[in-house]
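Got the viewer open and a free hand on the mouse? Let's take a short walk through this one, stop by stop.

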Amino acid sequence: MQLPIYLDYAATTPVDPRVISCLVQHLSRDGIFGNPSSNTHTFGYKAACAIEVAREQVADLLSAKPVEIIWTSGATEANNLALCGALRANLQKGRHLITSKTEHRAVLDVCRWLEKDGYTVSYLDANPDGLIDLEKLAAALRPDTVLVSLMHVNNETGVVQDLAAISTLTQGNGVLLHVDASQSVGKLPIDLQALPIDLLSLSAHKIYGPKGSGALFVRHCPKRQIHLKPLIHGGGQERGLRAGTLAVHQIVATGEACQIAGFEMKEERLRLKKLRNRLLLGLTKLGKITLNGHPTQNWSGILNISFAGITAEALITATPEIAVATGSACTSANIENSHVLRAMGCSATRARGAIRFSVGRFTTNEEVDYTIHVVSAAVRRLRAISPIWEQLCSATHHQVDWSAPL
Ligand SMILES: *Cc1c(COP(=O)(O)O)cnc(C)c1O
């Protein structure tokens, strides 16, 4: 059987062949396999050098300093270290943090855990377009607020938060800011010299690197030291913030993936924008589709659409030719609508009809055209047998905002 067309780049990406060759050079006897902590011989020394080159590659992509990059097993661990680490190290200030209801579970579940541990969390709603209201953020700040955690690009909708405005606000109020940038690092420019962000998480497998690898940026500023308590204790690696023998092959691959992303960002952004607009234009012809997200403050790699009159599950079942995601997670008999779309005030029907298409480095025009073809055929077929479709046709029309995403 032929494999479906992969349109789920926001979930993970295949590893770039250039990254694979770099990865395998750091495993075997004839490669760089040493323990970077072995400081008595050349095997260890070479591995330590490779780690530092990778650290520079990641730092360069973000206009950060190499010393500010802490290797982790991915963005989930980076988020855990940022939130738990900062809260536990700043008890003298308080026990309050602020986040939004549209965050990834790798932030929300940490918050729930912290709540059980005696911390208090304020969860902000998003506007219907997915953006966080800065006035609501300002109003949620308290004297005992230690940290604000907000994502850059949302993994379900592609909505891009205004990091400049958010970081200005947190800095002005003397509160730490953590950003989950798993969906934006290597895709949109991030300048940490210009933005007063204190902590930032990234993941390699969202940018054509290996799974199980990522980093936390921790701002290094002699005047305003950021205190974190580690989660993992052991050999004192990563300035004591993250113990454990460094995964050399994963880390060099992460560095390489970041360097490639930086080199190709401008071109890739333009290409993805065209692909995304081609897909949207094709699907718009179906009528009665709604864009879930922001018309312009949106990353082009992600297109989240609801098709009136049908559910996402029905559409996915009807289109085995493509691999896409729904906003809902089915747990046993219950279908739970996306917490992100709910936080944006989407109706339950609209949320149940939401499909996330995400394009990436290896997506072609032909794949997009074929996707339009199979989705359109399936939507027409399903609408024809939908009991509510005729009613919907006489109701007011949803207009897709014709847009220029980021
Ligand atoms: C993928 C993703 C994560 C989790 O990253 P892992 O490296 O898989 O742990 C966290 N946050 C967002 C926004 C993501 O897209």
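Start by selecting residues 17-24, which form helix H1, together with residues 248-284, which form helix H7. Keep in mind as you look around that this is a predicted model. The two helices pack with their axes 8 Å apart, at an angle of about 150 degrees. Because of that angle, H1 is roughly antiparallel to H7. Turn the view until one helix lies over the other, and you'll be looking at a right-handed crossing.

Leave H7 selected and add residues 365-385, helix H11. How do the axes of H7 and H11 cross? They do so at roughly 20 degrees, coming within 9 Å. So H7 runs roughly parallel to H11. The crossing of this pair is right-handed.

Now swap H11 for helix H2, residues 42-62. Its axis and that of H7 come within 8 Å and cross at roughly 30 degrees. An angle under 35 degrees counts as roughly parallel, and H2 and H7 are therefore roughly parallel to each other. Check the handedness here too: H2 and H7 make a left-handed crossing.

That's it for the helices, so on to the ligand. Select it and show its surroundings: Gly74, Ala75, Thr76, His104, Met151, Asn155, Asp180, Ser182, Gln183, Ser203, His205 and Lys206. Try coloring this shell by class, and you'll get two nonpolar, eight polar and two charged residues.

Next, zoom in on single contacts. Which atom of the ligand pairs up with the side chain of Asp180? It's a nitrogen atom, 2.6 Å from an N or O atom of that side chain. Move over to Ala75, where a polar backbone atom sits 2.9 Å from an oxygen atom of the ligand. Then pick Ser203: one of its polar side-chain atoms lies 2.7 Å from a ligand oxygen.

For the last stop, switch on the protein surface and see how much of the ligand is covered. On its own the ligand would expose 380 Å², and the protein buries 88% of that.

How values were computed. Residues numbered from 1 in each chain as written. Predicted model: local features only at pLDDT ≥ 70, side-chain atom pairs only at ≥ 80, totals over all residues. Heavy atoms only, no water. Near = heavy atom within 4 Å. Polar contact = N/O pair within 3.5 Å; in protein donor to acceptor, adjacent residues only side chain to side chain. Areas by Shrake-Rupley, 256 points an atom, 1.4 Å probe, with all protein chains shown as cover. Nonpolar A, V, L, I, M, F, W, Y, C, P; charged D, E, K, R; others polar. Axes fitted to C-alpha atoms, helices over the stretch in contact; angles between N-to-C directions. Helix = DSSP H or I, 4+ residues; strand = E, 2+ residues; numbered from the N terminus. Parallel < 35°, antiparallel > 145°, perpendicular 65-115°, else oblique. Left-handed = near helix turned anticlockwise from the far one by under 90°.
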